[in-house]
Amino acid sequence: MKQGITQSPYSFTGDDIAGEGLKTGLRTLGDLAGIFADEKAYAAMDKGITAYNVKSIEPDPQGTRGGLYMGITYLESGKVGDEYFMTKGHFHLNPLSTEFYWGVKGEGMLILMDEERNVWAEKMFPGSLHYIPARVAHRVANTGSETLVFAACWPSDAGHDYGTIARDGFARRLLDVNGKPELV
Ligand code: PAN
Ligand code: ZN
């Protein structure tokens with residue numbers, strides 16, 4: 001049992017987190033098969049390049065009610081054809097689960113889709129704050145020329161449903177149209 005003045009086992013320096021039990025995950029372009037529209041452009045690219053890295057602090061076991069997780073995602077700049085590098089995207093398995101995202105570095109777009117497949121997007125930039133409501137799928141695209149860094153906080157019983165997005169995708173895509181991001 002802890003008593004008195006102690007030091008937190010975790011740290012957050014704005015664009016990095018560290019501490020006890022830190023988890024790291026890497027997604028290469030090869031891990032993102034099937035999510036980009038331009039299959040020819042995708043086929044011609046090096047599948048080993050990094051698309052994004054995620055670091056997370058998960059103090060309680062997955063599934064714990066009332067617990068919170070915190071993560072940082074480093075999403076590289078790049079395009080597959082006219083489509084920006086993006087995260088896989090997911091619904092949460094627990095339909096009640098919500099999440100905060102906030103922009104730390106770089107420029108991007110948070111793409112959201114509800115269960116009726118309505119799609120909308122919010123610009124991400126250093127200082128932007130985004131609330132992802134329950135039952136809303138979320139994916140981030142890097143629309144800038146530097147690494148996009150964003151942080152997230154979500155419930156430890158949220159879980160991730162990647163299957164629905166892998167199967168049906170988002171109803172709209174964020175493409176570079178004459179140098180500007182547009183939902184198409
Ligand atoms: C985030 C995401 C992270 C990577 O921590 O998991 O940005 O995106 P994908 O999980 O879609 O690959 C989050 O939304 N957690 O719930
Ligand atoms: Zn999530």
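**Exercise 1.** Determine which pocket ligand 1 occupies, and describe that pocket.

*Solution.* Step 1: ligand 1 takes the space of the largest pocket in this predicted model. A pocket is an open set of points, on a 1 Å grid over the protein atoms alone, where a 1.4 Å probe fits, with protein on both sides within 12 Å along at least five of seven lines; lining residues have an atom within 4 Å of a point. A molecule sits in a pocket if more than half of its atoms lie within 2 Å of its grid points.

Step 2: the largest pocket holds about 550 Å³ of space, a volume being the space filled by probe spheres set on the points. Its lining comprises 31 residues, with Val54, His90, Trp154, His160 and Tyr162 the closest to its centre.

The model is predicted: local features need pLDDT of at least 70 and side-chain atom pairs pLDDT 80 or more, whereas totals for chains, interfaces and linings use all residues. Residues are numbered from 1 along each chain as written, chains are lettered from A and ligands numbered from 1 in the order written, and side-chain values use heavy atoms, without hydrogens or water.

**Exercise 2.** Identify the side chains whose polar atoms approach an oxygen atom of ligand 1.

*Solution.* Step 1: apply the cut-off for a polar contact, a pair of N or O atoms within 3.5 Å.

Step 2: list the distances to an oxygen atom of ligand 1.
- Tyr162: 2.5 Å
- Tyr101: 2.6 Å
- His92: 3.2 Å

Step 3: turn to coverage. The protein covers 96% of the 390 Å² of accessible area (Shrake-Rupley method, 1.4 Å probe) that ligand 1 has on its own.

Technical notes. A polar contact is a pair of N or O atoms within 3.5 Å; within protein, one must be able to donate a hydrogen and the other to accept it, and residues adjacent in sequence count only if both atoms are side-chain atoms.
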